[in-house]
Amino acid sequence: QVQLVESGGGLVQAGGSLRLSCAASGSIFSINTMGWYRQAPGKQRELVSSITRGGSTNYADSVKGRFTISRDNAKNTVYLQMNSLKPEDSAVYYCNTKGYFLKDRDYWGQGTQVTVSS
């Protein structure tokens, strides 16, 4: 089992910045990829960004150049630095972890609200 605790959401004006954090505990040895998904009202949950234990990153086209994902393996924590925020970035952001094998289950955080006002 993996437990995830997120922090850092909030309300910010367009053009502003926020930093999300997600700390993992429990069976951390089983975690390969850590990442962030988001879900806006009436929309499907979508991948925002992910990073493997080795440091390979992946970004949604909509956030490239504005968001930066990083990871501290010693602290079992993943961060998402969000700059130049837009109203369309408003959503609940969920931390996610994936294991090394297809059979491994995903784990999810409780979600943190990000609201960007215009």
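**Disulfide, core and strands of a predicted chain**

C22 and C95 form a disulfide, with 2.1 Å between their sulfur atoms. The model is predicted: local features need pLDDT of at least 70, side-chain atom pairs count only at pLDDT 80 or more, and totals for chains, interfaces and linings use all residues. Residues are numbered from 1 along each chain as its sequence is written, and side-chain values use heavy atoms, with hydrogens and water left out.

Reader: How many disulfides does a search of the whole structure find?

Author: A disulfide here is a pair of cysteine sulfur atoms within 2.5 Å. C22 and C95 fit, at 2.1 Å. The search covers the whole structure, and the count is one.

Reader: Which parts does the pair C22 and C95 tie together, and how many residues apart are they in sequence?

Author: Strands are DSSP runs (E, at least two residues), and helices are runs of H or I with at least four residues; both are numbered from the N terminus. C22 lies in β3 (residues 18–26) and C95 in β9, so the disulfide ties together parts of the chain 73 residues apart in sequence.

Reader: What is the handedness of the disulfide of C22 and C95?

Author: A disulfide is a covalent bond between the sulfur atoms of two cysteines. The torsion about the S-S bond of C22 and C95 is about -85°, so this disulfide is left-handed.

Reader: Is C22 buried or exposed, and what of C95?

Author: Buried means under 20% relative accessible area, exposed means over 50%, and partly exposed is in between (1.4 Å probe, protein chains only). C22 has 0% relative accessibility. C95 also has a relative accessible area of 0%. C22 counts as buried, and C95 is buried.

Reader: Which strand gives the most to the largest nonpolar core?

Author: A nonpolar core is a set of buried Ala, Val, Leu, Ile, Met, Phe, Trp, Tyr and Cys residues joined through side-chain atoms within 4.5 Å. The largest has 27 residues, and W36, F67, V78, L80, M82 and Y93 have the most contacts inside it. Strands that each supply at least two residues include β1 (2–7), β4 (33–39), β8 (77–82) and β11. The strand that gives the most, with four residues, is β3.

Reader: Which residues form the covered face of β11?

Author: Strand β11 covers residues 112–117 and has two faces. Its uncovered face holds Q113, T115 and S117. The covered face is T112, V114 and V116.

Reader: In which sense does β11 pair with β2, and in which with β9?

Author: Two strands pair if DSSP finds at least two bridges between them. Four bridges join β2 (residues 10–13) to β11, and Q13 has S117 as its bridge partner. Three bridges join β9 (residues 91–98) to β11, where V92 is partnered with Q113. The sense is parallel for β2 and antiparallel for β9.

Reader: What radius of gyration does the chain have?

Author: The radius is taken over C-alpha atoms, and the globule rule is 2.2 Å times the number of residues to the power 0.38. The C-alpha atoms fill a box of roughly 40 × 25 × 25 Å along the principal axes. For 118 residues, a compact globule would be near 13 Å, which agrees with the chain's value of 14 Å.

Reader: How many helices and how many strands does the chain have?

Author: From the N terminus on, the elements run β-β-β-β-β-β-β-β-β-β-β. The count is zero helices and 11 strands.

Reader: Which residues are in contact with V2, leaving aside its neighbours within four places in sequence?

Author: V2 is found in β1. At 7% relative accessibility, V2 counts as buried. Contact means heavy atoms within 4.5 Å. The partners of V2 are A24, S25, S27, S30, I31, T97 and Y107.

Reader: Where does N76 lie, and what is its phi?

Author: Most residues other than glycine have a negative phi. N76 has a positive one. N76 counts as buried, at 18% relative accessibility. It lies in the loop between β7 and β8, and its phi is near 55°.

Reader: Is S84 buried, partly exposed or exposed?

Author: S84 lies in the loop between β8 and β9. Its phi is positive, near 50°. With a relative accessible area of 39%, S84 is partly exposed.
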